[in-house]
Amino acid sequence: MKKIFFSLLLICSLGAVAQVDRSTQPKAGPAPEINLSKPQTFTLKNGLKVIVVENHKLPRVSYTLTLDNPPIAENDKVGAASISGALLGKGSTSISKDDYNEEVDYMGARVSFGPQYASASGLSQYSDRILELLADAAINPNFTQEEFEKEQTILIEGLKTNEKSVEAAAGTVSRALLYGKNHPKGEFETPEAVKKVTLADAKAFYNKAFIPNNAYLVVVGDVNFKDIKKEVSKNFKDWKKGTDLSNDFKAPENLTATEIDFVDMPNAVQSQVIVENLVDLKMSDTDYFPVLMANQILGGGGEGRLFLNLREDKGYTYGAYSNISDSKYGKTSFSASASVRNMVTDSSVVAFLEEIDNIRQEPVSQKDLKNAKAKYIGSFVRSLEQPSTVARFALNIETENLPEDFYQNYLSKINAVTIQDVQRVAKKYFLSDNARIIIAGKGSEVLDNLEKVQFKGKTIPVKYYDKEANPVEKPEYEVAMPEGVTAATVFSNYIKAIGGKEAIANVNSIVMMGEGSVQGTPLKLTIKKTTKDQFLQEISVMGNVTSKQVLNGDTASISAQGQTMTPSEEQITELKKESAIVPELNMMNNASIKLEKIEKVDGENAYVIALTDTKKAFYATESGLKLKEETTQEMQGQTFVQTVIYDDYKPAGAILVPYKLSQSMGPQNIEFTFTEIKVNEGVSDADFQ
Amino acid sequence: MKKTLFSIASILALSFTATAQEVEFEEYDLDNGLHVILHQDNTAPVVTTAVMYHVGGKDREDGRTGFAHFFEHLLFEGTENIEKGKWFEIVSSNGGTNNANTSQDRTYYYEVFPSNNLELGLWMESERMLHPIIKQEGVDTQNEVVKEERRLRYDNSPYGQFLFAISEQLFDEHPYKDPNVGYMEDLDAASLEEFQSYFDKYYKPSNAALVVAGAIDVAETKKMIQDYFGPIPSGPALERSYPKEAPITESKRSQFYDSNIQVPAILTAYRTPGYGSRDAYVLNMISSYLSDGKSSKLYKKMVDEEKKALQIGAINLEQEDYGMYIIFGLPLGETSLEILVDGMEEEINKLRNTLISESDYEKLQNKAETNFVNSNSSVEGIANTLARDYMLYDDTNLINTEIDIYRSITREEIKEVANKYLKPNQRVEVEYLPKKEEQ
């Protein structure tokens, strides 16, 4: 029977194939019906408002406690809020931390706490006990000095782990400059500030902020309203009312003209670009829906103009988006951002500004607006799948002072937005002429072009900040070459610095014995050189020689890891050059050696000299000493740079010799310290056989 | 107070009656081999259309890594009937959302639409399967995008390369040794013809599963599926073979450098069995025992009490052919990586030599129960699980029965599995270290 049925179906469907025209996009069916249920609510005497959504589809429950406070300044105690949040949930005044954690885990439940937030979820068979534990830890917290110190250390370490994060640096500087460092939204944690916070500060923050005055508890899941009302009242009735918090901060201002604020991040392989400005926007504003549409068209997702331009068209980035936030507590921001590759940082800035300017100057198309509306309508419909959506709607109506029918009218409000509305709000909220452009990136690679960025015929000024948003001087990567300096003068300064021609001429041999380590393994290094084209370099690990290079006049051998090879004549010539006690002596009159520029080596200015196409040497402009050598190698299509850093110059006989040498290639780094250097002794011809 | 708490908890634990609602589904094959799974849920007027292809990072030639992930980008470029660059616009302008992701084993594409756009979702997925446009222009654009993704997610992100660092040590032969995202030079070197033949090889109905879940009319949906997917040619049979790995019998240690970090990390890893093996479920329980929740053994000891670690975690990263069991830690303050390794081994040693306590065992069961309830909480998630269970576990109904496997795992089995896979000589250790600027 089944078979017959199937073949019938097949015949029917084969017939149907012809009827489907896949060359045109299928039309949508009639709009589905939307049912918005209303949650049940009640309020406790202390002010806590409770929103309950019963949903019995799955045997689980979730509780979310949010505090609708204005932003709170931490001033010189930034970190007190984070630590107070981290200390919550460590048991209560009557349950030890270990017992608390054990019981939460035992039930398979989750609890989480923040400075102004608490939540818990789990199986509904444990719903009462989960609520009890949540309330107890939130209202009767267990702040101890021991836990405080631990959380303080963790916070500091956490800040350290982010120290090199390009995105984090851009975020910190962005908020600090946008709102000002003294505004609660511009404050940020630093290891130094967190060190100053005490247990009393954390407690004070909790006492001030964790109050029921403007608190909301949202309950969603497999519960019964009558029971939950009883349980919530029982568990939260002792939560004491606090003093209402003030929202009295100096309002930050937008820039009078667009500028770039640059943060140098030498490790960056991408630049973080944020184009932003301050806005005044509340959910209850008439501009709210037009702003949603304008932002959606500009950068709301994979079909936004920013994404299509910067990613799909130009391939600058993995994603480019814009965002605008709203608040009843003062200014928020509009921002457009992307992580772009170093080379296109300047072009990305222009692309961002052009897109922002375009939506201000040109009316959007009917189609753009229609698509943006469809996206919001779809998102609204899809969100109804989650029972928490109904609770969120109710919470917003309460906290954002919205009319009761705000969500009933949501779709019609979106549909009512016009093209003129979009342009009007784009002009009002997206400021291409007063934008703050935050860029965190690798200055040595991106700054040259960034300083040339023009928009509407004007060059955009660039200001420089450190990672903590302090203004700094423009980072210097190159210094102007003083007149009269040539490769030869650099070499002769170097020779003078290490003791002079005469002293060097008196050196017939040198022996250098050193110790080092590679990835924890101790190594011994021996170098011997004479003026008779003799050179020996030996590396041994625990008494075994693992690599050895020998040059003796015109013969040479190189062995490593048990393999021996005979170098070619060219290699021998190279080896001879390097084996000279001071190779620079022979380079004085070599016209192919060029002085390139001045660059920093570990903060010190140095002359960069190209010895060959692939090898560069760096000599300090002040001391004349050689600081570094760099050799570029190609291996399997990849370019590697091998560097040798010379440090700790000290006398050996009549000349100065670097007692420290560190060599690195890729991730490998070997450091050697010479323990013994002998001049004109300890060498015999037999050493080079 | 404490005593009463516990007795209440254990009474409750005995009454394990609550179970997640059974996920009902229907499955069948089209003539061209496409496997179809339907799940009806009319709670909200929303529908998910999803296709999982049995192709992932491990399906590649040497020197041509990252193809599967690259396709996940390329196949949004357009089809014969969907203009280049219009994919996202069509989805969002019809109130939908969409995304895709690639693992070493499979690639997953999906859309979620208001239910009146079911036909649109089916049309788009069938277009992608039947005749996507694979041209040099699209390859070039997406190559740049993938490179930026790699920089963003891995090269520029603190600890972003930790999985690469482990895989290359845990595998010598199997393609799992290479990053799923691939090496940039491999993608640069690949020709258009290679991409086209990769599509022909892997993107065909018999190597795919279609899931439609949500507010649907089953009969109508079946007809639409036949209309849009029925005519897609089935293509030749696919042969797969992946190299086997010799067991790890001696622990080895290596270093990996990341320029985005300040605090080092230690990563230890063991090679474990692939999807569907009962031992893999036991290993999931062991992870939960070691690091899920504040009372878990490693967290409580090393982060909370001894304050040696900033963070510690145990993950059983399941894959089709072999899993990776990873325990990682970030030291706090002056603690050496060695001390972290010792602390981890101490707990695993206990697992190998003693049975876990009854109460810890009940806790693991409660956790498994909670995970099970939560895993079926969205239609979008159910669609993904159905496709996965069919394709990688060969048992679509696992969505309803997986919990029975956890319920049947015993304390003795936990000890056994720890002895089988988590011995020190089976361990790979990677010191994940900050890279200095000049390196």
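Here is a walk through a predicted model, starting with the layout of chain A and ending with an annotated stretch of chain B.

Let's begin with the broad divisions of chain A. The chain splits into domain 1, covering 40-236, domain 2, covering 259-475, and domain 3, covering 487-688. To get a feel for the spread, look at the C-alpha centres of domain 1 and domain 3 of chain A, which sit 59 Å apart.

Now zoom in on a couple of backbone oddities in that chain. Most residues other than glycine have a negative phi. Lys456(A) goes the other way: its phi is positive, near 50 degrees, and it isn't a glycine. You'll find Lys456(A) in the loop that links β12 (454-455) to β13 (458-459) of chain A. Is Lys456(A) buried or exposed? Lys456(A) counts as exposed, because just 11 other C-beta atoms fall within 10 Å and the cut-off for exposed is 12 or fewer.

Asp648(A) is another non-glycine residue with a positive phi, this one about 60 degrees. Where does Asp648(A) lie? Asp648(A) belongs to strand β26 of chain A, which runs over residues 638-652. Asp648(A) is exposed too, with 11 other C-beta atoms within 10 Å.

Over to chain B. Here an unreviewed UniProt entry lists residues 191-366 as "domain: Peptidase M16 C-terminal". In the model, that span of chain B is 41% helix and 24% strand. Follow residues 191-366 of chain B from one end to the other, and the end C-alpha atoms turn out to be 52 Å apart.

Key:
Residues numbered from 1 in each chain as written. Chains lettered and ligands numbered in written order. Predicted model: local features only at pLDDT ≥ 70, side-chain atom pairs only at ≥ 80, totals over all residues. UniProt positions renumbered as here; feature names shortened; annotations may be inferred. Helix = DSSP H or I, 4+ residues; strand = E, 2+ residues; numbered from the N terminus. Buried ≥ 20, exposed ≤ 12 C-beta atoms within 10 Å, placed from the backbone. Domains from an automatic or database assignment.
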